[in-house]
Amino acid sequence: MRDQNAKQNDAMRSDGRILECRGIERSFGGLKALKSVDIHVDRGEIFGLVGPNGSGKTTMVNVVTGFYPPNAGSVQLFGQDITGMKPNRVARMGVARTFQNLALFRGMSVLDNILLGRHVHMKPGALPSLFYWLWGAREEIAHRRAAEDIIDFMQLQDIRDEPVEVIPMGLQKRVELARALVAEPRFLILDEPMAGMNQEEKEYIARFILDARDERNVSILLIEHHMDVVTAICDRIVVLSYGEIIAQGEPKAAIADPQVITAYLGERAAARVLQANGGAP
Amino acid sequence: MFYRRAGIRFTRYRDERQIWPLPLDRRLMLLVLLLALAAPYLLDRLYLVGYLLPWLIWATAALGLNLLMGTAGQVHLGYGAVIGMGAYGSVHLVRAGAPLELAMLAGGLISAAVGIVFGAAALRVKGLYLAMATLAMQYIVDFVISHVPFISGGSQATITVPPVRFLGIPIVGDAAVYYMALGVCIVVTLFMLNVRRTAFGRALAAVREKDYAAEVIGVDTFRFKLLAFWVSSFIGGVVGSVLAVCYLRSISPDQFHIELSIQLVAMVIVGGMGSVLGSFFGAALILFAPIVLNNLIGFMADSMDMQISTDLRAHVPLMLYGGLIVGFLLWEPLGLAKIYNNMRNYFLVWPFRHAQR
């Protein structure tokens with residue numbers, strides 16, 4: 001196990017970094033959501049971003065994907081500076097993400113939603129539509145194959161023609177992950193992919209995340225509240241609280257940090273926990 | 001009669017993505033097409049020129065507006081002005097000696113160019129504000145058309161369309177006029193049907209449903225909104241030239257006022273947002289409901305010997321017509337197309353209701 005980790009670490013170092021954020025600051029009115037945060041994601045890594053509600057995790061992701069340009073600091077993606085770039089340009093560089101609250105397109109089938117994920121690889125326009133039989137059809141069918149690959153990978157075969165709004169929540173989350181993966185991203189950001197899921201569904205998603213990393217060579221940034229999942233699949237985590245990094249490193253060690261326990265449980269409860277465990281949780 | 005959906009298996013993606021995957025629909029469409037082609041020989045002149053022709057033209061216009069309102073989700077209250085620009089542009093070009101085919105495309109381009117300028121400004125706002133911005137466009141274009149003598153030919157002037165040829169065929173007589181309108185209508189309809197099954201339509205739908213999610217999968221939302229404005233305005237301009245050449249024969253500024261825009265918006269809403277078939281239904285209802293209601297009230301007044309004052313007789317159809325639109329918004333916001341779909345889905349599997357989906 002340690003050998004494998006060491007080997008992986010070597011590979012990461014030689015391959016360079018996927019994401020490098022330096023001194024990110026972002027405020028909304030008087031509220032400082034992020035106070036000079038530095039994070040980085042290495043190639044082939046599953047990087048966890050955790051923290052209590054309102055600690056700035058989603059804001060951080062929105063800074064990376066271009067929704068909220070940072071007030072200060074720089075974002076480097078694949079060694080290129082993307083600070084302040086518009087979200088659709090960031091997506092074109094090979095970044096896909098899912099949302100905390102589902103962001104599927106209602107009124108369209110599962111298949112159409114997944115095909116939309118291919119947008120960055122297609123050349124949509126009015127003329128290919130007008131001359132569909134001569135022009136648009138070939139492209140549509142070529143991308144349909146890619147979409148069907150992902151449908152197989154995510155095991156969505158029997159619901160591909162259903163409208164997305166009628167399928168259960170757990171499957172909707174899976175469709176959203178499929179839509180992100182079908183774009184063949186190099187870097188995938190998952191914002192609470194397991195929120196509101198039961199143990200079985202969580203395990204399914206965890207498996208898909210690991211498979212995506214191993215088979216499709218994506219590096220992953222994962223925001224998640226389920227600590228069992230985080231410790232099980234993340235290689236490295238950063239814990240945020242009130243817009244600041246309070247702990248980072250190997251998952252088990254980082255979430256056992258007294259500061260992290262305090263951030264989650266409050267001071268008194270944390271003191272009790274630490275006392276009960278003799279100072280070593 | 002039974003099992004119309006059973007036994008249909010596709011082995012190629014291309015077959016599955018047909019416009020009408022069910023043989024039933026294909027046969028139905030073929031029948032409609034044949035009837036449409038035979039209409040000049042089957043119908044009385046009054047019905048052909050008085051009903052069928054305006055229906056085709058207005059339905060084409062509703063299709064163009066539906067691309068923007070239904071597919072891309074952007075309100076446009078100035079579509080009448082868009083049609084007006086196309087009409088004036090192409091008629092002036094035809095009068096200057098340009099062939100009609102070019103004048104039609106140029107009319108479309110003029111509408112699209114002006115439309116996109118307003119669109120670029122208007123699309124920085126959303127919803128109600130977009131509605132106001134497009135309404136402003138309607139009034140500005142109205143004003144410019146009627147106050148620039150070079151365009152309108154002076155105050156109160158009408159401009160007549162000279163005799164024209166389209167693809168080598170002289171556009172004279174009812175049949176030629178009808179076939180030209182039908183041709184344009186078929187092209188626009190096929191385009192709209194294809195939009196729905198290609199990446200273009202999906203991107204527009206994404207912009208309509210959730211623009212932040214569209215951005216994150218790489219859709220440049222502003223660009224696609226502008227593209228929708230462009231294409232929709234282009235169709236509007238082409239329809240304007242068809243309207244001028246085939247139906248109006250002479251154009252004046254008051255034909256393209258706000259009333260036309262409101263009528264078109266009503267067609268799209270009553271017919272069904274984003275539905276191709278709905279545009280045809282909506283155009284039919286909005287164009288003919290007042291006439292039918294008028295006749296109905298007149299018939300009731302005469303045959304049942306009711307004492308209805310002429311004043312009331314003139315206004316009751318309008319009130320019913322208004323009530324109809326309110327009723328649609330309340331009870332079937334997805335319009336006539338949805339009603340048709342419900343019925344179709346019911347009969348597709350009748351009598352095996354459990355197989356419905």
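**Exercise 1. Decide whether Asn113(A) is buried or exposed, and place this residue in its surroundings.**

Solution. At a relative accessibility of 0%, Asn113(A) counts as buried, where buried means under 20% relative accessible area, exposed over 50% and partly exposed in between, with a 1.4 Å probe and protein chains only. The model is a predicted one, in which local features need pLDDT of at least 70 and side-chain atom pairs count only at pLDDT 80 or more, while totals for chains, interfaces and linings use all residues. Residues are numbered from 1 along each chain as its sequence is written, chains are lettered from A and ligands numbered from 1 in the order in which they are written, and side-chain values use heavy atoms, with hydrogens and water left out.

Next, locate the residue: Asn113(A) belongs to helix H4 of chain A, helices (H or I, at least four residues) and strands (E, at least two) being DSSP runs numbered from the N terminus. Then list its partners, taking contact as heavy atoms within 4.5 Å: leaving aside neighbours within four places in sequence, Asn113(A) is in contact with Leu104(A), Phe105(A), Met108(A), Val164(A), Val175(A) and Arg179(A). Finally, Arg160(A) is 47 residues from Asn113(A) in sequence, and their C-alpha atoms are 9.5 Å apart in space.

**Exercise 2. Describe the contact between chain A and chain B.**

Solution. Begin with the residues, of which chain A gives 37 and chain B gives 31. The area buried between the two chains is about 3300 Å², and carbon and sulfur atoms give 63% of that area; buried area here is the accessible area (1.4 Å probe) that two parts lose on being put together, summed over both.

Turn next to the polar side of the interface. Between chain A and chain B the count is 4 salt bridges, each a side-chain nitrogen of Lys or Arg within 4 Å of a carboxyl oxygen of Asp or Glu. One salt bridge joins Lys86(A) to Asp220(B), at 3.8 Å from N to O. On the side of chain A that touches chain B, at least two residues come from each of helix H3 (87-92), strand S6 (95-98), helix H4 (110-116), helix H5 (126-130) and helix H6 (132-153) of chain A. The most is given by H6(A), with 8 residues.

**Exercise 3. Which residues touch the most other members of the largest nonpolar core?**

Solution. A nonpolar core is a set of buried Ala, Val, Leu, Ile, Met, Phe, Trp, Tyr and Cys residues joined through side-chain atoms within 4.5 Å. The largest has 105 residues, and Ile57(B), Trp58(B), Met180(B), Phe191(B) and Leu264(B) touch the most other members. Helix H3 (residues 45-71) of chain B supplies the largest share of this core, 14 residues. As a worked case, the contacts of Phe191(B) beyond four places in sequence are Ala126(A), Ser129(A), Leu130(A), Leu67(B), Phe200(B), Val231(B) and Ile235(B).

**Exercise 4. What is the sign of phi in Ser36(A) and in Phe78(A), and where do these residues lie?**

Solution. Ser36(A), although not a glycine, has a positive phi of about 50°; this residue lies in strand S2 (residues 31-42) of chain A and counts as partly exposed, at 41% relative accessibility. Phe78(A), also a residue other than glycine, has a positive phi near 50°; Phe78(A) sits in the loop between strand S4 (72-77) and strand S5 (80-81) of chain A and is buried, with a relative accessible area of 16%.
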